[in-house]
Amino acid sequence: MEQRVSLITLGVRDFDAAVAFYTNMGWSRVDSPDGVAAFDMVGQTLGLYPMDMLAKELGKPLDEIGGFSGMVLSHNVREKSDVAEVLSRVVAAGGTVLREAQDVFWGGHHGHFADPDGHIWEVAHNPFSPLNDDGAFRWNGY
């Protein structure tokens, strides 16, 4: 297996609300099959998939999938002030700020939010891992 993640699929309970949230956060949706929403990112794609369809695909009852799995998606930004700027858009877009922007013990700055389905995101500025010109992230920078 090559060391990469190509597609991150989030199971969502209210497909239209989830699509609206990411669109309201400024993301652009790309063409995809009915019942799937796709947002291309740098090097990957984020997919939104109705939770009932995901359960059917997995062959599991809906109540056996979903919920917080301990995974946090991270969105790194170029400047420290960008963390608060992104978090300020979350509530208007339909999400919930879980932790306001603040300095972190390791020298960075971050905050957390949940999308309408409770998927947790970190918004972070890591001064030790500056983003590439196209926004790509690499641990310890480029």
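Me: Hello! Which residue in E3 is the bridge partner of Asp 40?

Reply: This is a predicted model, where local features need pLDDT of at least 70, side-chain atom pairs count only at pLDDT 80 or more, and totals for chains, interfaces and linings use all residues. Residues are numbered from 1 along each chain as its sequence is written, and side-chain values use heavy atoms, leaving out hydrogens and water. Strand E2 (residues 37-40) and strand E3 (residues 45-50) pair in the antiparallel sense over four bridges; strands are DSSP runs (E, at least two residues) numbered from the N terminus, and pairing takes at least two DSSP bridges. In E3, Asp 40 has as its bridge partner Thr 45.

Me: Which residue in the turn of that hairpin has a positive phi?

Reply: E2 and E3 form the hairpin, with four residues between them. In the turn, a positive phi of about 80° belongs to Gly 43.

Me: What is the strand order in the open sheet of four strands?

Reply: The pairing in this sheet is mixed. Strand E4 (73-76) and strand E5 (96-103) are its edges, each pairing on one side only. From one strand to the next, the twist averages 15°. The order is E4-E7-E6-E5.

Me: Which residue in E6 stands opposite Arg 99?

Reply: E5 and strand E6 (residues 109-114) run antiparallel, joined by five bridges. Opposite Arg 99, in E6, stands His 112.

Me: What angle does the direction of helix H3 make with that of E5?

Reply: Helix H3 (residues 80-93; a helix is a DSSP run of H or I, at least four residues) packs on the sheet, touching E5, E6 and strand E7 (120-125). Touching here is contact, with heavy atoms within 4.5 Å. Axes are lines fitted to C-alpha atoms, for helices over the stretch in contact, with angles from 0 to 180 degrees between N-to-C directions. The angle is about 165°.

Me: Is Trp 106 buried, partly exposed or exposed?

Reply: Trp 106 lies in the loop between E5 and E6. Buried means under 20% relative accessible area and exposed over 50%, with partly exposed in between (1.4 Å probe, protein chains only). Because its relative accessible area is 33%, Trp 106 is partly exposed.

Me: Which residues does Gly 107 contact, leaving aside its neighbours within four places in sequence?

Reply: Gly 107 also has its place in the loop between E5 and E6, and its relative accessible area is 43%. Its C-alpha atom is separated by 7.5 Å from that of Asn 126, 19 residues apart along the chain. The contacts are Pro 127 and Phe 128.
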